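New to this one? Have a look at the structure below, and then we'll walk through a few of its contacts together.

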Amino acid sequence: MRYEAPETLKSAVTLLAKEKGLAFVLAGGTDLLVKMKGGFLEPDLVVDIKRIKGVFDIAKSATGFRIGAAVPGVQLGENAALVKAWPGVVEGANLIGSKQVQGRCTMVGNLCNGSPAADGVPALIAANAKVVISGPKGKRTIPVEQVPVSPGRISLKKGEIIEAILLPKRPANSSDAYLRFIPRTEMDIAVVSAAVNLTLDGKGTVKDARVVLGAVAPTIIVVPAAAKALIGSKLDAAALEKLAAACAAACKPIDDKRGTIEFRTKVAGVLARRAAEIAYKRAGGK
Amino acid sequence: MPLDTNFTNQKFKQVGTRPLRPDGVDKVTGRAKYGADYNAPGQLIALVLRSPHAHAKIKKIDTSKAEKLAGVKAIITSADLPDLTAGDRGMRDILENCMARKKVLYDGHAVAAVAAIDQTTARKALKLIQVDYEMLPHVTDVDEALKPSAPVIHNDIFTEGVEPTPTKPSNNNKRASFGHGDIVQGFKDADVIVEHTYKTEQTHQGYIEPHACVANVSPDGQGELWVCTQGHFVYRNQCAALLGMDISKLRVTASEIGGGFGGKTHIWTEPLALALSRKANRPVKLTMTRDEVFRCSGPTSSTSIDMKIGAKKDGTITAAHGVLRYHGGAFPATWAEFGAMTAFACYDLKNVKSESIEVIVNRPKTAAYRAPSAPMAAFAVESAIDELAKKIGMDAVELRIKNAAKQGTQSSYGPVYGPIGIGATLEAAKNHAHMKAPLGKNQGRGMACGFWFNFGGQTCCDINVTPDGTVTVAVGTIDVGGSRASIGLMAAEELGLAYENVRVVIADTSSLGHNDMTDGSRGTFSTGMATIAAARNCIKVLCARAAKMWDIPEDAVVWEDGHAKPAGTNAGNFPPLSIKEIAAAAGNTGGPIAGHNELVADGAGVSFATHICDIEVDPETGRSTVKRYTVIQDAGKAIHPSYVEGQYQGGAAQGIGWALNEEYIYGKDGRLQNAGFLDYRIPVCSDLPFIDTMILEIPNPNHPYGVRGVGETSIVPPLAAIANAMSNAVGVRMTHIPMSPPRVLKAISNRKH
């Protein structure tokens with residue numbers, strides 16, 4: 001196995017594009033190194049991107065936030081402006097692993113793992129976040145939900161690297177929330193998860209909403225019917241009940257070691273409802 | 001000198017205090033050496049090839065390609081481990097479990113092992129070994145395995161304990177029955193009867209340290225093994241037997257242990273490492289991965305238990321009947337028997353019968369797990385008793401007090417009890433502040449009792465006085481929970497030395513006589529007994545040396561407060577001699593000073609506990625949180641109270657994990673689905689409340705200090721206490737452990753409809 005730590009994005013892309021064997025990008029390494037140590041992955045090339053300029057930056061601009069590919073969870077949690085604008089995105093990312101893992105793990109890594117249960121991803125999708133991809137043919141920007149394809153598979157082509165995540169600028173009276181179900185308190189993987197992103201009008205009526213569910217289908221899913229149930233409401237009981245029903249209807253889960261179809265379907269609605277209530281309060285609704 | 005082991009109620013100066021444990025600083029600073037920390041010059045790395053199938057015939061193993069790989073130094077299969085067990089079924093099963101012979105019997109069963117110059121080479125070599133399997137039907141469920149349609153795993157198993165012995169082989173290797181009285185009449189006399197079937201899933205001890213060893217066998221036939229174990233003498237004896245070595249030729253040194261809980265009472269990879277070392281003529285290091293620890297060490301049984309208990313309206317239990325089915329994994333065992341013996345041990349019953357049915361399934365060979373088999377039996381009994389109390393309209397504690405066993409009670413498993421603590425723990429529970437604390441919304445409270453036999457066994461101890469008058473104590477029982485501290489306290493107490501001047505070490509197998517392993521909560525009980533005796537023998541020598549220094553008769557010297565003194569004014573007028581002074585003169589009075597003892601520690605006092613638990617349930621998700629937990633247990637005498645409390649808390653913590661989320665999940669293909677800590681969910685620190693403890697001391701009359709074992713009983717009540725709390729919180733009787741959120745949510749939804 002070769003280990004390379006290039007200092008430019010261009011050389012990283014070239015290294016990945018030219019490798020004939022199995023090549024992986026290393027940022028935090030909290031997935032890759034564990035898989036290698038366990039003997040589940042035997043790469044021929046590992047490209048460490050942490051020496052590339054800008055990968056640890058969180059930049060705030062008129063259009064929103066740009067988060068570098070190697071920014072670890074702990075850095076997200078320490079950025080007050082980001083937490084204020086996107087508390088749901090940050091709380092999702094901060095649920096990954098343990099305290100020690102938080103010092104290394106990245107949202108991009110979590111996304112590129114391709115897991116439907118990834119904690120860092122549903123709130124990004126609810127936020128309409130995009131990723132900036134560098135590849136042999138130049139740069140392209142796509143929505144986060146277009147990255148995962150199926151469990152463990154993503155849409156990136158050979159030689160491509162996600163260099164940053166873009167979060168849009170927030171309108172007034174907006175907020176988000178993320179909740180996951182685990183039987184324990186930490187160090188676990190979501191059995192079901194829900195992210196809700198809301199924008200209210202001045203009177204507390206939901207103007208815009210986006211509802212996303214994790215671990216209930218082969219990929220993380222957006223549930224437009226659930227968002228529809230909330231728009232125009234002040235999150236009254238009837239709207240919340242409709243939301244929960246829409247979420248349950250959208251679930252296509254499996255029975256596995258982490259939970260049953262019945263359980264995931266029921267709890268998806270419960271979590272979406274609770275996340276909506278949190279987001280609503282954060283957005284200034286009463 | 002044989003020790004008079006009777007309890008004497010002596011006044012203690014050091015026993016009962018809380019000094020730091022001698023292994024503490026090294027453990028918290030990372031200096032302590034665990035199994036995988038040993039390395040030998042020129043060592044090879046070994047890996048084991050394991051079956052992906054639950055049940056299959058091994059048609060052929062071709063290792064030729066792997067042998068040609070550069071860096072591979074030895075490959076072994078069962079052909080390298082000939083059967084030397086000479087008709088000993090137990091040893092043959094151990095051999096077959098270490099390395100599959102004609103068939104693989106479970107997912108993870110070893111089929112070959114490789115020793116190579118490094119891990120990468122060993123890994124490559126495993127991929128080059130070709131095994132041809134012929135798939136056989138498998139069964140992993142304890143109830144399914146008993147059905148006539150189930151595939152029979154061993155064709156030479158005919159149920160023992162049934163008259164006449166069956167002519168057809170089956171997966172039921174033994175039946176047994178315990179009890180007394182007439183249960184048919186007892187149930188006729190009952191006003192209320194409760195009857196249910198309870199199930200518990202298989203759990204693993206969940207020790208953090210994986211099994212690891214370094215084996216080094218020389219061409220002259222002598223061998224060494226550095227290993228993480230609960231019993232290095234037993235490992236030595238068994239490995240030597242399987243490899244055809246004289247026991248004396250194999251020297252085993254135990255590492256520090258990162259948890260065992262019964263799981264390290266059994267050999268798995270050690271004979272493979274020794275055989276590889278012998279074949280390669282190099283030291284061989286073998287460390288299990290976490291995946292291997294789950295798939296192929298020794299978890300506990302999953303169970304299915306029919307329980308029926310009847311009582312009068314006044315709460316008197318008139319009859320109790322249990323049928324307990326436990327699996328032993330892929331080999332015959334007697335785990336159900338332990339369950340049947342312990343099930344009703346807390347109660348004074350007129351009519352009682354408990355029957356055990358041992359089951360063989362395609363899962364790893366079951367090993368002991370902390371009070372093995374008792375927690376599941378207690379879950380069934382204590383759940384039924386709780387329900388009985390509800391039906392009668394009597395307080396659950398009062399009903400238990402009314403039926404509690406006491407001194408003179410004939411236990412359900414046979415013996416008549418001496419002084420015991422079940423009544424005292426129940427009274428303490430009744431009066432505990434926890435019992436009276438208010439409960440919040442969606443919360444429930446439960447309580448339950450538990451029993452464990454405890455064990456004594458073969459033990460020895462050497463005490464050596466060093467030239468500066470400090471003392472070393474060499475013992476042969478592995479320290480799994482602070483026993484070096486308590487043994488040091490007992491030696492210091494007897495000798496009249498400061499605790500800091502006593503160093504306790506675990507001797508290797510060539511430095512001390514055979515010791516049984518640390519199991520049955522026997523460490524502090526039995527090694528303490530041997531240490532007290534060795535110290536008293538040492539004092540005799542010290543007094544004799546003082547007599548020589550004073551030139552007076554030996555019997556004119558007494559030992560007080562760490563000094564030799566003349567027995568009276570007639571003996572002479574000499575100032576007291578300290579150990580330091582006597583040790584300094586040893587070269588002129590007869591040489592090194594020591595005290596030894598060897599014994600079979602009989603009279604391990606039985607132990608009882610009562611636990612109280614408060615739980616809160618999220619009714620929309622079934623997720624539960626233990627809010628408060630109290631352990632009340634009889635220790636006989638707490639030598640070092642902190643480490644007694646540690647045992648109480650540890651057992652409760654493991655019980656909470658078992659009750660709520662831990663379980664082996666097998667797929668339809670017979671493969672284990674969750675062989676890792678991510679999906680085998682033991683509680684993390686933040687999942688647990690502070691576990692409150694209360695130590696009761698009802699002296700064991702058979703130990704000089706009154707000690708009873710304390711390590712295991714604490715895991716017996718939790719399954720039941722938590723199930724009772726959960727049932728009270730959700731309003732449905734929970735009969736299936738673990739009570740994971742999907743099971744709880746389902747129970748809640750079924751209740752609503």
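## Helices, chains and domains

Let's start with a pair of helices in chain B of this predicted model. On one side, B:Tyr235, B:Cys239, B:Leu242 and B:Leu243 of H6(B) meet B:Glu270, B:Pro271, B:Leu274 and B:Ala275 of H7(B). By class, that contact has seven nonpolar residues, one charged and no polar. H6(B) covers residues 232–243 and H7(B) covers residues 270–280; their axes come within 10 Å and cross at roughly 50°. That angle is why H6(B) and H7(B) count as oblique to each other. As for handedness, the crossing of these two helices is right-handed.

Next, the place where the chains touch. Here 19 residues of chain B are in contact with 17 residues of chain A. On chain B's side, helix H20 (residues 741–752) gives the most, with three residues.

Chain A itself splits into domain 1 (51–168) and domain 2 (174–282). Their centres, taken over C-alpha atoms, are 21 Å apart. Domain 1 of chain A puts 23 residues into the contact between them, and domain 2 of chain A puts in 27 residues. On the domain 1 side, helix H5 (87–93), helix H8 (122–126) and strand E8 (148–150) of chain A each supply at least two residues. The largest share there, five residues, comes from H5(A).

Here is how two of these contact sides break down by class:

| Side | Nonpolar | Polar | Charged |
|---|---|---|---|
| Chain B, touching chain A | seven residues | six residues | six residues |
| Domain 1 of chain A, touching domain 2 of chain A | 15 residues | five residues | three residues |

Note on methods
Residues numbered from 1 in each chain as written. Chains lettered and ligands numbered in written order. Predicted model: local features only at pLDDT ≥ 70, side-chain atom pairs only at ≥ 80, totals over all residues. Contact = placed C-beta atoms within 7 Å. Helix = DSSP H or I, 4+ residues; strand = E, 2+ residues; numbered from the N terminus. Nonpolar A, V, L, I, M, F, W, Y, C, P; charged D, E, K, R; others polar. Domains from an automatic or database assignment. Axes fitted to C-alpha atoms, helices over the stretch in contact; angles between N-to-C directions. Parallel < 35°, antiparallel > 145°, perpendicular 65-115°, else oblique. Left-handed = near helix turned anticlockwise from the far one by under 90°.
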